Amino acid sequence: MREQSAETDRPVEQEFLSVIREYERVIYKVCYLYANPNAPLNDLYQDVVLNLWKAYPKYRKECKISTWIYRIALNTCISFYRKEKNIPEIVSLTKEIDWSIEAHDPVNEMLKQLYRMINQLGQLDKSIILLHLEEKSYEEIAEITGLTVTNVATKLSRIKDKLKKMKKED
């Protein structure tokens with residue numbers, strides 16, 4: 001009896017794994033913005049994938065799969081951040097190696113600077129700018145965050161102003 005159950009779950013499992021492979025970079029980008037010493041990147045990624053797996057049978061295809069993934073990834077990272085917020089920060093005594101960006105490439109240096117500035121934003125602002133950088137429409141950002149389209153446009157304009165101000169101060 002158990003073998004039949006495992007047999008019927010395989011197509012769902014394969015479909016889920018295919019979705020994760022397709023959106024792996026998106027999930028990592030969301031996790032990267034929320035990662036810190038108390039919430040390492042791989043821990044966040046695993047939590048997001050676990051929550052996606054738990055929610056996958058309930059996905060009703062009423063919105064795009066990317067919207068659904070963003071919503072779960074952002075909610076997972078924000079929840080992880082809130083849960084870990086009260087733990088004191090761990091300061092590394094060794095220099096961390098950033099595996100994703102080479103040190104002497106000016107474009108990558110600018111990207112690192114942008115991500116550092118984005119990390120200084122509040123949780124909602126961070127989510128909105130991340131989705132904007134992923135070229136999501138205002139409507140998609142509104143659907144993912146639960147804001148109105150007008151509110152997204154207003155917040156995005158203010159976020160851009162904050163980032164410009166941070167850049168000037170830097």
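Trainee: How many disulfides does a search of the whole structure find?
Mentor: Zero, going through the whole structure. Keep in mind that this is a predicted model.

Trainee: OK, and why is C31 not in a bond?
Mentor: Its closest cysteine sulfur belongs to C77, and that one sits 4.0 Å from the sulfur of C31, which is too far for a bond. A disulfide needs the two sulfur atoms within 2.5 Å, so the C31 and C77 pair at 4.0 Å doesn't count.

Trainee: What about C77, which cysteine sulfur is nearest to that one?
Mentor: That of C31, at 4.0 Å, and C77 is in no disulfide.

Trainee: Is C31 buried or exposed?
Mentor: C31 counts as buried, at 0% relative accessibility. C77 is buried too, with a relative accessible area of 0%.

Trainee: Switching to the surface: which residues make the nonpolar patch?
Mentor: V12, L50 and W53 make it, and the patch covers about 250 Å².

Trainee: Where is V12 placed?
Mentor: V12 is in helix 1, which runs over residues 2–34.

Trainee: And how exposed is V12?
Mentor: Partly exposed: the relative accessible area of V12 is 37%. Patch residues have to be over 30%, so V12 qualifies on that count.

Trainee: New topic, R82. Where is that one?
Mentor: R82 lies in helix 3, residues 65–84. R82 counts as exposed, with 57% relative accessibility.

Trainee: How far apart are R82 and Q123?
Mentor: In sequence, R82 and Q123 are 41 residues apart. In space, the C-alpha to C-alpha distance between R82 and Q123 is 10.0 Å.

Notes: Residues are numbered from 1 along each chain as its sequence is written. This is a predicted model: local features need pLDDT of at least 70, side-chain atom pairs count only at pLDDT 80 or more; totals for chains, interfaces and linings use all residues. Side-chain values use heavy atoms; hydrogens and water are left out. Patches are made of residues with over 30% relative accessible area and no salt bridge: like charges are joined within 9 Å, nonpolar side chains (Val, Leu, Ile, Met, Phe, Trp, Tyr) within 5 Å. Accessible areas come from the Shrake-Rupley method with a 1.4 Å probe; for residues, only the protein chains shown count as cover. A salt bridge is a side-chain nitrogen of Lys or Arg within 4 Å of a carboxyl oxygen of Asp or Glu. Helices (H or I, at least four residues) and strands (E, at least two) are DSSP runs, numbered from the N terminus. Buried means under 20% relative accessible area, exposed over 50%, partly exposed in between (1.4 Å probe, protein chains only).
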